[in-house]
Structure formats: structure tokens, C-alpha cells
Amino acid sequence: MVIRFRDYGKRLADFEQEILVRCPQCERSAKVLTVNSDKSSLSSIKRITCQHCSYTKQQSKDDN
Ligand SMILES: [Zn+2]
């Protein structure tokens with residue numbers, strides 16, 4: 001698995017990560033973008049996007 005960090009020219013305080021995973025729809029490489037919106041809590045939002053089949057899904061930890 002390849003893990004990449006994309007630098008948008010911001011500091012690490014923004015805590016955005018891009019992780020390559022397998023798309024649940026077409027089983028090709030998709031990206032998981034994790035955004036820790038509040039660093040004082042464990043809440044985070046995960047957004048899966050696939051460039052191959054346009055699959056997108058957004059998931060919040062609060063949904064669990
Ligand atoms: Zn896909």
C-alpha cells in the first residue's frame with residue numbers, strides 16, 4: 001500500500017492525509033482523505049474518492 005502526503009502549502013496543523021485504498025466498487029485504487037476537523041477530540045471525517053468509477057463516500061466517526 002502506498003501512503004502519500006499531499007502538501008497544499010499549509011502547515012501540518014491542518015492534518016490532512018491522503019491514503020490510497022482499494023475502491024469498494026471497482027476494486028482499483030481510490031483515495032481516502034481524512035480530515036481531523038477538531039484536534040481536541042477524536043472526531044474525524046473520512047472521504048473516499050475513486051478516480052476510475054467516480055465512487056465517493058463520506059463517513060464521520062460520529063455515525064458509529
Ligand atoms: Zn472505483
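In which loop does glutamate 27 lie? I will start from that residue this morning, and I should say at once that what we are looking at is a predicted model. Glutamate 27 lies in the loop that runs between β2, residues 16-22, and β3, residues 29-35. Its backbone deserves a careful look, since glutamate 27 has a positive phi of about 60 degrees although it is not a glycine. As a general background to that, most residues other than glycine have a negative phi. Glutamate 27 is also exposed, because its relative accessible area is 55% and the cut-off for that word is over 50%.

There is a second residue to set beside it, namely serine 54, which lies in the loop between β4, residues 45-50, and β5. Serine 54 is likewise not a glycine, and its phi is positive, near 65 degrees. With 59% relative accessibility, serine 54 counts as exposed.

Let me now turn to the metal site. The zinc ion is coordinated by the SG atoms of Cys23, Cys26, Cys50 and Cys53, at 2.3 to 2.4 Å. The angles among the four donor atoms run from 107 to 115 degrees, and the site is tetrahedral. If you follow the donors along the chain, you will find them with the spacing C-x2-C-x23-C-x2-C. How many disulfides does a search of the whole structure find? The number is zero, and for those who have not met the term, a disulfide is a covalent bond between the sulfur atoms of two cysteines.

The cysteines at the zinc ion can also be described by how far they are covered. Cysteine 23 is buried, because its relative accessible area is 1% and buried means under 20%. Cysteine 50 is buried too, with a relative accessible area of 6%, whereas cysteine 26 is partly exposed, with 28%.

Stepping back to the chain as a whole, we find five strands and zero helices, so that the order of elements from the N terminus on reads β-β-β-β-β. Of the 64 residues of the chain, 16% count as buried, while the strand β3 is mostly covered, with five of its seven residues buried. The chain exposes about 5,300 Å², and carbon and sulfur atoms supply 48% of that area. Among the contacts in the chain with a separation of 6 or more, 16% are accounted for by residues that are 24 or more positions apart.

How do the strands β3 and β4 pair? They do so in the antiparallel sense, over six bridges, and within this pairing leucine 33 stands opposite arginine 47 in β4.

Arginine 47 leads us on to the last residue on my list, glutamine 59, whose place is in strand β5, residues 56-60. Glutamine 59 and arginine 47 are 12 residues apart in sequence, and their C-alpha atoms are 6.2 Å apart in space. If we leave aside its neighbours within four places in sequence, glutamine 59 is in contact with Ser44, Ile45 and Lys46. Is glutamine 59 buried, partly exposed or exposed? Glutamine 59 is partly exposed, because its relative accessible area of 38% falls between the 20% and 50% cut-offs.

Conventions: Residues are numbered from 1 along each chain as its sequence is written. This is a predicted model: local features need pLDDT of at least 70, side-chain atom pairs count only at pLDDT 80 or more; totals for chains, interfaces and linings use all residues. Side-chain values use heavy atoms; hydrogens and water are left out. Donors are N, O and S atoms within 2.8 Å of the metal (3.2 Å for Na, K and Ca); water is not among the atoms, so sites may look incomplete. Four donors count as tetrahedral if all angles lie between 85 and 135 degrees; four count as square planar and six as octahedral if opposite donors are over 155 degrees apart and all others between 65 and 115; anything else is irregular. Buried means under 20% relative accessible area, exposed over 50%, partly exposed in between (1.4 Å probe, protein chains only). Helices (H or I, at least four residues) and strands (E, at least two) are DSSP runs, numbered from the N terminus. Contact means heavy atoms within 4.5 Å. A disulfide is a pair of cysteine sulfur atoms within 2.5 Å. Two strands pair if DSSP finds at least two bridges between them. Accessible areas come from the Shrake-Rupley method with a 1.4 Å probe; for residues, only the protein chains shown count as cover.
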